[in-house]
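Work through these short exercises with the structure in view. Try each task before you read its solution.

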Amino acid sequence: MTLSSPNIILLPGLVPGNITPFLSLLKSLKVPPVVIIVTESSCVDNLKNLTGLPNVYIHALAEPHELADQQNVACDIRLYQWYKFNFALKILQRLESQYSFVANRIFKLRFDYLYSNPSSLVSELIDNSPIVDDILFCESDRIFFGSRLTLFSLRHFLDVAVTLFLNKIDYFYP
């Protein structure tokens, strides 16, 4: 694989049975981005339509130690997506090292999200120009993108969420 400042899509979380909207989005791109999916083993069958697509990396948390680590670190099922987000960033770091590239824009997306303006997302996905650090572009608290530095700074969100929000039902967290 030869990649130069590629855009990256991270999909941490559960995978619904119908991923057709995401497939349509992905197939509309002339140059496919790197896609990193971190999910649970029960969802792997839902990804069969992605086999054969270039630059798609799937990791299913299946080993007992991985699932136990997710439960211990995230502490609450509502925070599991942030554990998987961190895991996806670790996979990205390994890919960067293995293939000697540095990610440009990193997108945190979801399979089950209805995009209000998909053409806007497509234009951002194909744009390889550098973007300013410390700015997070959000469509919601679950769909966002930014520079590599900005997205890697969010790897600590899970620690903050567990510390501040766990067992406090009056507090909101994504």
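**Exercise 1.** Decide how enclosed helix α3 is, and check its length.

Solution. Of the 20 residues of α3, 14 are buried, so the rest of the structure largely encloses this helix. Buried means under 20% relative accessible area, exposed over 50%, partly exposed in between (1.4 Å probe, protein chains only). Helices (H or I, at least four residues) and strands (E, at least two) are DSSP runs, numbered from the N terminus.

Now the length. The expected span is 1.5 Å times one less than the number of residues. For the 20 residues of α3 that gives 28 Å; the end C-alpha atoms lie 29 Å apart, which agrees. Just after α3, S100 has a positive phi of about 55 degrees.

A note on the source: this is a predicted model, where local features need pLDDT of at least 70 and side-chain atom pairs count only at pLDDT 80 or more, while totals for chains, interfaces and linings use all residues. Residues are numbered from 1 along each chain as its sequence is written, and side-chain values use heavy atoms, with hydrogens and water left out.

**Exercise 2.** Find the salt bridge partners of E40 and E124, and say where each residue sits.

Solution. A salt bridge is a side-chain nitrogen of Lys or Arg within 4 Å of a carboxyl oxygen of Asp or Glu. The count is 5 salt bridges.

Step one: E40 pairs with K84, with the closest N and O atoms 2.8 Å apart. This pair links distant parts of the chain: E40 is in strand β2 (residues 34–40) and K84 in helix α3, 44 residues apart. Both E40 and K84 are buried.

Step two: E124 pairs with R105, with the closest N and O atoms 2.4 Å apart. E124 lies in helix α4 (residues 118–126) and R105 in strand β4, so the pair ties together parts 19 residues apart in sequence. E124 counts as partly exposed, at 25% relative accessibility. R105 counts as buried, at 2%.

Step three: look for a network. R105, E124 and D127 are linked in one.

**Exercise 3.** Which strands pair with β6, and in what sense?

Solution. Two strands pair if DSSP finds at least two bridges between them. Strand β4 (residues 105–108) joins β6 (residues 144–147) through 4 bridges, and the two run antiparallel. Strand β5 (residues 136–138) also pairs with β6 in the antiparallel sense, over 3 bridges.

Now look at F145 in β6. F107 stands opposite F145, and F145 is the bridge partner of F137 as well.
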